[in-house]
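Please keep the sequence and the coordinates side by side while reading, and find each residue in both as it comes up.

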Amino acid sequence: MTSPSRVLVIGSGPILIGQAAEFDYAGVQACLALRGEGVETILVNSNPATVMTDPDVGGTVLIGPLTLSYLTAVIREHRPDALLPTLGGQTGLNLAVALDDAGVLAEYGVRVLGTPLAAVRAAEDRGGFRDLVTRIGEPVPESAVVESLEDGMTFFEHLAAPIVVRPAFTLGGGGGGFAATADEARQRIATGLAASPIGQVLVERSLLGWYEIEFEVLRDASDTTIAICGMENMDPMGVHTGDSIVVAPIQTLPDPVVQRLRRCALKIVRALELEGGCNVQLAVAPDGSDYRVIEVNPRVSRSSALASKATGYPIARIAALIALGRRLHELPNPATGGNSAAFEPAVDYVVVKLPRWAFDKFPLADRSLGVQMKATGEAMAIDREFGSALLKAIRSLEPRGRGWLWEDPAWGLSAGPPEDLHDFLSASDTRLWRIIGLLRHGWCDAAGVAAATGMAPWFIERIAELIEAERSLVGSPLDEAKRQGFGDADIATLSGVPWAAIRRARVRSGIHPSYRRVDTCAGEFPAETPYFYSSYADAEVAPPADRQSVIVVGSGPIRIGQGIEFDYCSVRAAWAVREMGLDAVVVNNNPETVSTDYDACTRLYFEPLDTESVLDIIDHERALTGTPPVVVLTFGGQTAIDLARDLAYADVPLAGLSAEAIDITEDRERFAALLEELGVEGPRGALANDAAELERAIADLGGLPVIVRPSWVIGGRGIAVLRSADDVKRYLATDVGWPLRVDELVAGIELDVDAISDGAEWAVPGILEQIDPPGVHSGDSVAVLPPQRVSREVQELAAAAAGRIAMALGLRGILNVQMIATEDRVIVIEANPRASRTVPIVAKATGTDIVAAAVRCALGASLAEVGMAPGLAPDGRRVVVKAPVGSLWRLPGVSDELGPEMRSTGEVLGVADTAEEATELARLAAAAHAG
């Protein structure tokens with residue numbers, strides 16, 4: 001096969017529930033691999049918050065709608081000779097099929113790289129896939145492919161058993177679900193037919209309660225086929241794998257059963273003649289005696305990213321090279337640098353993935369879990385055993401009070417066992433903690449929990465062992481508690497002492513974690529991967545480092561209000577540190593992201609983002625390099641910023657900011673005092689510590705409407721506009737985060753200002769104007785850069801206000817300030833001494849590497865040295881419009897009404913010469929992903 005010279009890569013668009021940062025990770029790996037082979041890449045994506053849409057990654061980058069018409073125009077103008085469709089999620093696959101169906105690929109001579117579209121159709125078409133699997137002698141559930149409600153109901157009545165509905169060509173289980181009654185079946189089938197872009201669903205016998213197993217598989221054109229990773233869903237069939245606890249490698253099945261399933265997965269991939277990465281899902285009877293093939297994703301996926309991070313094997317990169325015609329045996333082992341990529345990774349540890357949901361923001365949402373994915377993100381943990389890995393994964397969710405020891409008093413477990421065990425343990429976001437609570441109180445044993453949940457008894461037995469260890473923890477040696485996996489904070493709570501006392505005792509006793517390497521070969525061969533996890537088990541000595549290290553703290557699992565934009569910032573920060581000749585060290589725990597690709601930094605630590613883990617890594621880095629590392633917190637969202645106080649207390653040098661500066665900006669009352677001191681106008685308001693003070697503040701402001709804001713929040717959490725007495729009553733009935741800042745609701749135009757300071761001067765590369773009125777969260781508002789309704793004079797006032805705040809706080813690096821502009825003045829609402837979701841947008845709009853400039857300034861450079869002129873930068877020649885995109889249709893019970901608490905999961909960008917043209921492109925881009 002002749003190697004292509006110009007390849008079109010289709011991205012996946014905005015972050016949605018079911019299609020998230022894993023495709024930025026895959027796209028970055030693919031583009032860098034292709035360009036490394038001398039191939040020109042043309043990348044089309046609508047998501048500005050991605051690393052792949054930077055030109056130094058994506059090559060020729062076109063930010064535009066992911067629609068058939070736009071891609072046809074791109075092909076007509078840029079004339080790629082090949083298309084790589086399997087790295088952009090379901091969006092990329094569906095568009096490739098649409099281009100082929102429309103004759104566009106044939107008309108312009110564009111060949112499809114990697115997996116042929118015939119194989120994609122065979123895997124995605126429910127009926128075709130079922131027939132293929134049957135032909136090769138593998139079992140599938142009894143099923144029927146239907147394209148009408150009448151046919152679906154006929155099959156349901158014939159089956160006389162519960163069913164599951166699986167729509168064709170959808171993502172994240174969209175439109176699917178279980179049904180046990182005729183009414184449920186009628187509703188599910190109708191919904192599935194509407195969700196499928198080809199109006200087709202598979203109606204199959206339900207395997208509810210069987211175990212779910214996944215294999216991530218790679219195949220090249222020579223038919224070399226390998227299983228990269230086997231993964232076991234702790235939740236049984238009936239819960240989408242994106243909402244399930246996932247464990248690797250497979251723990252509970254005998255090896256002969258595992259090998260039988262592995263052979264089945266390889267056999268299917270070979271029969272489909274897939275070339276590249278692929279995910280195979282299977283159901284296994286609880287006794288291991290039987291299995292069924294469920295489905296195949298003929299592309300890299302969320303599970304591909306998890307398997308890559310679990311094993312250290314870069315699936316997307318190798319898949320891209322396979323698409324170019326390279327053979328696995330020709331490629332070196334990416335971890336060892338020698339041997340061959342045609343090997344199946346071996347691991348000597350356990351990986352646990354936990355989903356993260358948005359139910360904390362939406363308490364009225366339906367929290368039950370099923371075949372339609374609801375999680376917004378996930379955290380992964382690595383340790384030597386399942387129990388310690390599970391404990392670490394819980395810490396990685398940043399539980400804010402919902403850690404291992406959490407129990408909802410409403411469950412009533414202190415008073416007695418639940419009346420209906422099966423109902424109490426039905427699939428929901430709290431099921432893991434309900435299991436822990438039952439075992440802790442002794443209301444049920446492991447066998448009873450396993451029977452009620454359908455989970456493998458082995459998992460419940462391991463959780464029961466942790467409960468036993470918890471009971472004997474007080475008074476036992478500290479090193480034993482740490483080997484079990486308990487965090488310092490949990491040990492402190494159980495012991496009745498401050499967590500800092502536990503850390504001091506541990507450090508004095510020389511009890512600290514070792515850091516082990518993820519190397520794909522279980523230590524069998526020398527490896528070079530700079531990818532580490534902590535363990536209190538056997539030590540592994542890391543080689544010394546000879547350069548100053550700078551630790552970039554990431555943002556953890558994706559959630560509404562803290563998304564992929566912070567991963568963009570973390571990656572660009574690590575790259576900037578390396579360009580300065582320093583060691584870039586990244587700490588993060590999100591398996592979907594570019595920042596957790598060990599190639600993105602000098603050393604990667606896959607760890608919880610809490611004080612304990614970060615301080616341990618700081619100590620380890622100090623021992624490696626002989627000098628204290630500098631820590632960068634400004635690119636990891638609120639997660640990283642929340643660490644500042646503890647790190648400052650431990651005398652850790654923070655790059656560019658102080659804990660005091662953070663406290664001033666996060667504490668609403670202190671920030672109001674700073675504005676008054678600077679003579680910068682803020683909204684009229686007062687502090688309220690309880691309901692009576694809230695009523696008094698409203699009266700003092702002249703009545704409603706007002707806006708109330710707690711301190712130390714992300715994504716507008718707990719912020720509300722109160723327009724009526726009923727609004728006040730409803731707000732007081734929620735879990736109010738007292739004290740509140742109560743402000744007048746200012747009329748005007750909201751602005752987002754990103755300033756960069758070197759400690760002596762400031763620069764503002766761009767200002768975003770929010771189109772929606774104040775009171776709508778900026779993440780949910782349409783926005784435009786440069787501003788269209790605000791005069792240059794007022795923009796200068798806004799920039800100067802941001803600069804004065806940065807100087808007063810003593811910041812070096814980046815500051816985001818939100819303001820309301822009127823005809824002749826600005827009113828400052830709040831400031832964040834960190835990167836905001838606006839950074840990638842401003843970077844794309846201005847062509848400025850804002851993150852690199854901010855990092856260099858934080859580490860001592862001047863604005864002149866980073867190539868930035870002081871003051872507000874002149875407007876560029878192009879206009880960009882950002883439009884929010886949501887996927888709350890996946891969360892029944894959640895209102896889509898906009899307000900000060902953020903609801904969108906992603907965003908798209910329109911780029912054009914005029915605001916009108918950019919707005920239309922943004923509208924088209926958002927419409928392409930409407931639920």
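The paragraphs below go through helices, aromatic rings, backbone features and two single residues in turn.

The structure is a predicted model, and every value quoted here should be read as computed from that model. A convenient place to begin is helix α7, which covers residues 126-135 and whose buried residues are R126, G127, F129, L132 and V133. These buried residues pack against elements from several parts of the sequence, namely the helices α6 (117-124) and α10 (255-272) together with the strands β6 (143-146), β7 (163-167), β9 (201-205) and β14 (291-297). Just after α7 comes G137, which takes a positive phi of about 85 degrees.

Helix α16, residues 446-453, can be read in a similar way. Of its 8 residues, 6 are buried, so the helix is largely enclosed by the rest of the structure. The buried residues in α16 are A446, G448, V449, A450, A452 and T453, and what covers them includes α14 (421-424), α15 (431-441) and α17 (457-471). After α16 the chain reaches G454, whose phi is positive, near 80 degrees.

The aromatic residues offer another view of the model. A search of the whole structure finds 14 aromatic pairs. One of them joins W406 and W411, whose ring centres are 5.2 Å apart and whose planes stand at 75 degrees; the pair is edge-to-face because planes over 60 degrees apart are counted that way. W411 has a relative accessible area of 12%, and it is therefore buried, the limit for that class being under 20%. The ring pairs extend further, linking W406, W411, F424 and W433 into a cluster. F424 also takes part in a contact of another kind, since the charged end of R434 sits over the ring of F424 at 4.8 Å from its centre. An arrangement of this kind is found as well at Y25, where the charged end of K309 sits over the ring, 3.9 Å from its centre.

How do α26 and α29 pack, and at what angle? Helix α26 (residues 668-678) and helix α29 (residues 792-809) pack at an angle of about 110 degrees, with their axes 11 Å apart. Angles of 65 to 115 degrees count as roughly perpendicular, and α26 and α29 are therefore roughly perpendicular to each other. On the α26 side the contact is made by F671, L674, L675 and L678, which meet R804, I805, A808 and L809 in α29. Sorted by type, the residues of this contact comprise 7 that are nonpolar, none that is polar and 1 that is charged.

Some backbone features deserve a separate look. Most residues other than glycine have a negative phi, and most peptide bonds are trans. Against that background, the peptide bond from A248 to P249 is cis, with omega near -10 degrees, and P249 lies in the loop between β12 (246-248) and α10. The peptide bond from L704 to P705 is also cis, with omega near 5 degrees, and P705 lies in the loop between α27 (691-700) and β24 (706-710). Turning to phi, R79 is not a glycine and yet has a positive value of about 50 degrees; R79 is placed in the loop between α3 (68-78) and β4 (82-84). D651, again not a glycine, has a positive phi of about 60 degrees and is placed in the loop between α24 (644-649) and α25 (659-666). The relative accessibility of D651 is 66%, which is over 50%, so D651 counts as exposed.

Two single residues complete the walk. Is V614, a residue of helix α22 (residues 611-625), buried or exposed? V614 has a relative accessible area of 1% and is therefore buried, given the limit of under 20%. Leaving aside residues up to four places away in sequence, V614 touches L643 and L647; the C-alpha atoms of V614 and L647 are separated by 8.6 Å, although the two residues are 33 residues apart along the chain. D896, found in the loop between β33 (879-885) and β34 (906-912), has a relative accessible area of 66% and is exposed. From D896 to N689 the distance is 30 Å, C-alpha to C-alpha, with their positions 207 residues apart in sequence.

Conventions: Residues numbered from 1 in each chain as written. Predicted model: local features only at pLDDT ≥ 70, side-chain atom pairs only at ≥ 80, totals over all residues. Heavy atoms only, no water. Axes fitted to C-alpha atoms, helices over the stretch in contact; angles between N-to-C directions. Helix = DSSP H or I, 4+ residues; strand = E, 2+ residues; numbered from the N terminus. Parallel < 35°, antiparallel > 145°, perpendicular 65-115°, else oblique. Contact = heavy atoms within 4.5 Å. Nonpolar A, V, L, I, M, F, W, Y, C, P; charged D, E, K, R; others polar. Phe/Tyr/Trp six-rings, centres within 6.5 Å; stacked < 30°, edge-to-face > 60°. Buried < 20%, exposed > 50% of the residue type's maximum accessible area, 1.4 Å probe, protein only. Lys NZ or Arg CZ within 6 Å of the ring centre and 35° of its normal.
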